[in-house]
Amino acid sequence: MAPRDDTQPPASCPIKAIAQAYLVTTEGNEGWALRIAITDALADLMEADKRARAQSRLISRGYVRGALDDATSEA
């Protein structure tokens, strides 16, 4: 059996690929790679939260408009 080449993570493991990309970007500095990964994750989380709030507002407006349309058509 040939020795395994650990320089390339398997395609089925995105976590290893992402970690490797951060390590390559930071030239192997694990602490720096971790800080950048956390910063990116928090930025993505904040963006997702912002989108969820915007979507919630749009849904709420839809319910209000629907209620107003129903009230107008009943009158």
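**Exercise 1.** Which residue forms a salt bridge with E47, the closest N and O atoms being 3.3 Å apart?

*Solution.* The model is predicted, so local features need pLDDT of at least 70 and side-chain atom pairs count only at pLDDT 80 or more, while totals for chains, interfaces and linings use all residues. Residues are numbered from 1 along each chain as its sequence is written, and side-chain values use heavy atoms, with hydrogens and water left out.

Step 1. A salt bridge is a side-chain nitrogen of Lys or Arg within 4 Å of a carboxyl oxygen of Asp or Glu.

Step 2. The partner of E47 at 3.3 Å is R51.

Step 3. E47 and R51 are 4 residues apart in helix α2, which separates them by about one helical turn. An α-helix has 3.6 residues a turn, so residues three or four places apart point the same way.

**Exercise 2.** State how K50 is linked to E47, and classify the exposure of K50, E47 and R51.

*Solution.* Step 1. K50 and E47 form a salt bridge, with 3.9 Å between the closest N and O atoms. These residues stand 3 residues apart in helix α2 (residues 30–74), about one helical turn.

Step 2. Buried means under 20% relative accessible area, exposed over 50%, and partly exposed in between (1.4 Å probe, protein chains only).

Step 3. K50 has 53% relative accessibility and therefore counts as exposed. R51, at 58%, is exposed, whereas E47, at 31%, is partly exposed.

**Exercise 3.** How many salt bridges does the rule give, and which residues do shared partners join into one network?

*Solution.* Step 1. The count comes to 3 salt bridges.

Step 2. One of them pairs R53 with D49 at 2.4 Å, N to O. Both residues lie in helix α2, 4 residues apart, about one turn of the helix.

Step 3. Through shared partners, salt bridges join E47, K50 and R51 into one network.

**Exercise 4.** Describe the secondary structure of the chain and test the span of helix α1.

*Solution.* Step 1. The chain has 2 helices and 0 strands; helices (H or I, at least four residues) and strands (E, at least two) are DSSP runs, numbered from the N terminus.

Step 2. The expected span of a helix is 1.5 Å times one less than its number of residues.

Step 3. For the 12 residues of helix α1 (residues 14–25) this gives 16 Å, and the end C-alpha atoms are 16 Å apart, which agrees.

Step 4. Just after α1, E27 takes a positive phi of about 55°.
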